[in-house]
Amino acid sequence: MDQQNNDNDQKLPPRRSDHQGPSKQGKVWKIILLILLLLVTAGGAYGVRVATQVKDSADNTYVPTKKKTPTVDLAAQKPFSILLLGADTGTEGRDGYRGNSDTMILVTVDPQHKQTTMFSIPRDTAAQIIGAKSYTYQKINSAFNIGGATMAMDSVEKLLNVPINYYALIDMAGLKKMVDAVGGVDVDVPFSFVSTETGNQKFTKGKMHLNGDMALAYARMRKEDVEGDFGRQKRQQQVISAIAGNVISLNSLTRVQSILDAVSASVQTNIKLSQLITMYQNYQGALKNLKQDELSGIATTVNDNGQEVAYVVNKTSELQRVSDKARTALGLEKEPLSNEETRQNSLQTQFDWNSKLDQFSYTFYPQSGSN
């Protein structure tokens, strides 16, 4: 349920109606924790000398948002949050348009408990798109397409009632370059499969070392996974953790600079180099202790204004769980969620929240107060 006018006078992205057979645009993996870890590692390992040499690369990645983000006192080691976005652009002829953020991960960095937690948010999550000129209830990955990082941050904030301080974005080309630049990544493949929609790459259950192309295929695959998008989220976080481990262990200035040069054109963030250096100096314990979590939902076909559209819907209790956990990590009091998602959930009379089967009884209702 949405209107076609928005902040940037763009059309909303087309809806997808097939869980098992997504379009090319929806099969892509792209993540960004790498640039944060890269620059953070560089800043701490080599101080002023590296800061000078990587400044040009870092400046190329700095893109502020229109959003007034909460100020974080990094020098005082206060907790902070980052929204990681992966855009389906950069390869396969997808240059020249903004794209959807088919990877969305909310990261909380908790220095008190020395822990960083990554909360994966399914791209098809039903959510109100905050900042559109008219009421828009759509898949959450469309927020970036409609209004860029600002709208994506605002929409996730409203969904979970969690303030977001920073964002980091990378496209597909950046992921491949990053994995190759760090010498590949080691992953533990959960089951053997052939990724038919990414080039028939073969993966064997157990330990595998992947180059950039293989890592991209491994993280993009969804059709051969019985868990669908949720299984893909787990593999994405697996790749991120492997990249993070490789980056943190870097001890060569030349290697750091070459990686930055390779990926800087594929990355955007509103984190300044000086802030990244402070993060490394004050948050090493938390950044090196990565934990994984996810916003678990139910894949369903929704009656959206007379159309049958594939979505992921979330129990109010699950939204509340993630909100509570993220807010606690940020040193905030827990608060009962009250947003468009909880309102829509309260209106469902036929939907079976305990079923794991695809259903057709979740209905999107008009905005409260509208006809």
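A residue counts as buried under 20% relative accessible area, as exposed over 50%, and as partly exposed in between. The exercises below use a predicted model.

**Exercise 1.** Find where K114 lies and classify K114 as buried, partly exposed or exposed.

Solution.
- Step 1: K114 sits in the loop that links β2 (101-110) with β3 (115-120).
- Step 2: The relative accessibility of K114 is 52%, so K114 counts as exposed.
- Step 3: K114 is not a glycine, yet its phi is positive, at about 50°. Most residues other than glycine have a negative phi.

**Exercise 2.** Do the same for N161: give its loop and its exposure class.

Solution.
- Step 1: The loop that holds N161 runs between α2 (142-160) and β6 (166-171).
- Step 2: N161 has a relative accessibility of 23%, and therefore counts as partly exposed.
- Step 3: N161, also not a glycine, has a positive phi of about 55°.

**Exercise 3.** Describe helix α8: its span, its buried residues and the elements these pack against.

Solution.
- Step 1: Helix α8 covers residues 316-329, which is 14 residues. From first to last C-alpha α8 reaches 20 Å, close to the 20 Å expected at 1.5 Å a residue.
- Step 2: The buried residues of α8 are E318, L319, Q320, V322, S323, D324, A326, R327 and A329.
- Step 3: These buried residues pack against β2, β3 and α2, as well as β12 (290-294) and α9 (340-346).
- Step 4: Just after α8 comes G331, with a positive phi of about 75°.

Definitions and conventions
Residues numbered from 1 in each chain as written. Predicted model: local features only at pLDDT ≥ 70, side-chain atom pairs only at ≥ 80, totals over all residues. Heavy atoms only, no water. Helix = DSSP H or I, 4+ residues; strand = E, 2+ residues; numbered from the N terminus. Buried < 20%, exposed > 50% of the residue type's maximum accessible area, 1.4 Å probe, protein only. Expected span 1.5 Å × (residues − 1). Contact = heavy atoms within 4.5 Å.
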